[in-house]
Structure formats: structure tokens, C-alpha cells
Amino acid sequence: MGIVKRNYRVSQNLVIRFTDDGIDESKRLAPVLATTAAGCDNVDLTYKSLPGNHARPVQQPVPEEVLRALEVPPSMASTVEQVAQAVSESTASTPLEPVGEAAMSFAQAGNEMVGLDQAKEAIVEDVTKLVDEVSDWITYSMRVVDW
């Protein structure tokens with residue numbers, strides 16, 4: 001934050017916090033931005049919270065051909081999960097317990113592949129919200145500034 005305190009002098013800022021962001025620093029950044037811009041006219045610090053995580057701004061919808069290539073039939077995912085559960089139970093409290101844990105992780109990944117269409121819809125919805133918030137903020141900021 002020291003570099004921001006010393007060098008950042010922009011009076012209009014949009015700080016976005018993502019609800020599932022484990023490395024978010026927006027709560028620390030917002031007051032720093034407010035104090036560094038204090039000498040500027042028309043200080044505007046807007047703070048928004050949106051769904052998603054730190055990677056959301058760079059996520060893009062997955063192309064249909066990739067979705068189809070990754071699709072796992074529900075019956076296969078169910079079978080894999082049953083086998084993984086049996087491996088996990090038989091290796092519990094033994095030196096092979098990590099094998100059981102790995103089998104369960106693999107099965108969970110397969111189950112996630114079943115819902116790729118839903119994941120794509122969620123990404124599109126979240127990215128659309130992000131674009132809407134940023135464009136609304138820019139439009140508002142353009143009206144506030146005297147050019």
C-alpha cells in the first residue's frame with residue numbers, strides 16, 4: 001500500500017470487492033485511496049460488492065465445443081463417485097488414506113463437469129454484472145466531471 005500512498009493521485013475510483021475473494025484487500029485499499037486523493041477536487045470513491053472471486057474479471061464464457069468435450073455423463077459421474085467412496089472407506093485410517101482422499105477429489109471434479117452448462121451461465125451472469133457496474137460507474141463519472 002506504500003506505493004499507492006506515495007504515488008497514486010486519481011480523484012475518481014471504483015473499488016470492487018468480490019464476495020468469494022480470499023485475497024481481497026479492498027477494505028485496506030479504499031481508505032488509502034480516499035486519503036491520497038484528498039488533495040484533489042471532486043473526490044469520488046465508489047465501493048461495490050459483486051459475486052465471484054479474484055479471477056472473475058479475467059474469466060470468460062467457455063466455448064460450446066470445449067464444454068461438450070469436457071462433459072461427463074451423469075451415470076458415469078455417479079459410478080465414479082461410488083467407486084471413490086468405496087476406495088475412501090477402505091483406506092480410511094490406513095497408510096493409503098491419501099489415495100482414498102485423491103479418489104474422492106477426482107469424483108468431485110467429475111461431478112462438477114456434469115454442471116458445466118450451469119457454470120457457464122453463472123460466469124456469464126457474473127461477468128455481465130461486473131461490466132454493468134463498471135460501465136454505469138464510468139457513465140456517472142463522466143457526468144460528474146467538468147470537461
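Contact here means heavy atoms within 4.5 Å. With that in hand, let's walk through this predicted model.

**The overall layout**

The protein chain has six helices and two strands. Reading from the N terminus, the order of elements is α-β-α-β-α-α-α-α. Of its 147 residues, 24% count as buried. The accessible surface adds up to about 9,900 Å², and carbon and sulfur atoms own 58% of that. If you look at contacts with a separation of 6 or more, 81% of them join residues 24 or more positions apart.

How confident is the predictor? The mean pLDDT of the protein chain is 76, with 72% of the residues at 70 or more. Broken down by element, β1 has the highest mean pLDDT (85), while helix α3 (residues 64–70) has the lowest (67). Keep that in mind when you look at α3 on screen.

**Helix α2 and what it packs against**

Helix α2 covers residues 26–36, and its buried residues are Ser26, Ala30, Val32, Leu33 and Thr36. Which elements do the buried residues of α2 pack against? They pack against α1 (2–7), β1 (12–18) and β2.

**Leu50, at the end of β2**

Strand β2 runs over residues 44–50, and Leu50 is part of it. Is Leu50 buried or exposed? Its relative accessibility is 5%, and the cut-off for buried is under 20%, so Leu50 counts as buried.

Setting aside neighbours within four places in sequence, Leu50 is in contact with Ile16, Arg17, Phe18 and Thr19, and also with Lys129, Leu130 and Glu133. Take Glu133 from that list: 83 residues separate Leu50 and Glu133 along the chain, but their C-alpha atoms are 8.9 Å apart.

**The salt bridges**

Two of the residues that Leu50 touches, Arg17 and Lys129, turn up again here. The structure holds four salt bridges, and three of them are in the table, with the N to O distance for each.

| Pair | N to O distance |
|---|---|
| Arg17 and Asp24 | 3.7 Å |
| Arg28 and Glu25 | 2.6 Å |
| Lys129 and Glu125 | 3.4 Å |

In the first row, Asp24 is partly exposed at 23% relative accessibility, and Arg17 is partly exposed too, at 21%. The cut-off for buried is under 20%, so Arg17, at 21%, falls in the partly exposed class. In the second row, Glu25 is partly exposed with a relative accessible area of 42%.

The third pair sits inside one helix. Both Lys129 and Glu125 belong to helix α6 (residues 116–144), four residues apart, or about one turn of the helix. Why does that spacing matter for direction? An α-helix has 3.6 residues a turn, so residues three or four places apart point the same way. As for exposure, Lys129 has a relative accessible area of 35% and Glu125 has 46%, and each counts as partly exposed.

**Asp126, also in α6**

Asp126 is another residue of helix α6. At 11% relative accessibility it counts as buried, whereas Glu125 is partly exposed. Which residues does Asp126 touch, not counting those up to four places away in sequence? The answer is Pro51, Gly52 and Arg56.

**Helix α4 and the loop after it**

Thr79 is in helix α4. At 45% relative accessibility, Thr79 is partly exposed. Along the chain, Thr79 and Ala107 are 28 residues apart, and their C-alpha atoms are separated by 9.0 Å.

Helix α4 (74–91) and helix α5 (97–114) are joined by a loop, and Ser93 is found in that loop. What is the backbone doing at Ser93? Ser93 has a positive phi of about 60 degrees, although it is not a glycine. Most residues other than glycine have a negative phi. Ser93 is also exposed, with a relative accessibility of 74%; the cut-off for exposed is over 50%, so Ser93 falls in that class.

**Pulling it together**

A few places to click on, then. Leu50 is a buried residue that touches Phe18 and Leu130, among others. Asp126 is a buried residue of helix α6. Ser93 is an exposed residue with a positive phi.

Terms used. Residues are numbered from 1 along each chain as its sequence is written. This is a predicted model: local features need pLDDT of at least 70, side-chain atom pairs count only at pLDDT 80 or more; totals for chains, interfaces and linings use all residues. Side-chain values use heavy atoms; hydrogens and water are left out. Buried means under 20% relative accessible area, exposed over 50%, partly exposed in between (1.4 Å probe, protein chains only). A salt bridge is a side-chain nitrogen of Lys or Arg within 4 Å of a carboxyl oxygen of Asp or Glu. Accessible areas come from the Shrake-Rupley method with a 1.4 Å probe; for residues, only the protein chains shown count as cover. pLDDT is the predictor's confidence in each residue, from 0 to 100.
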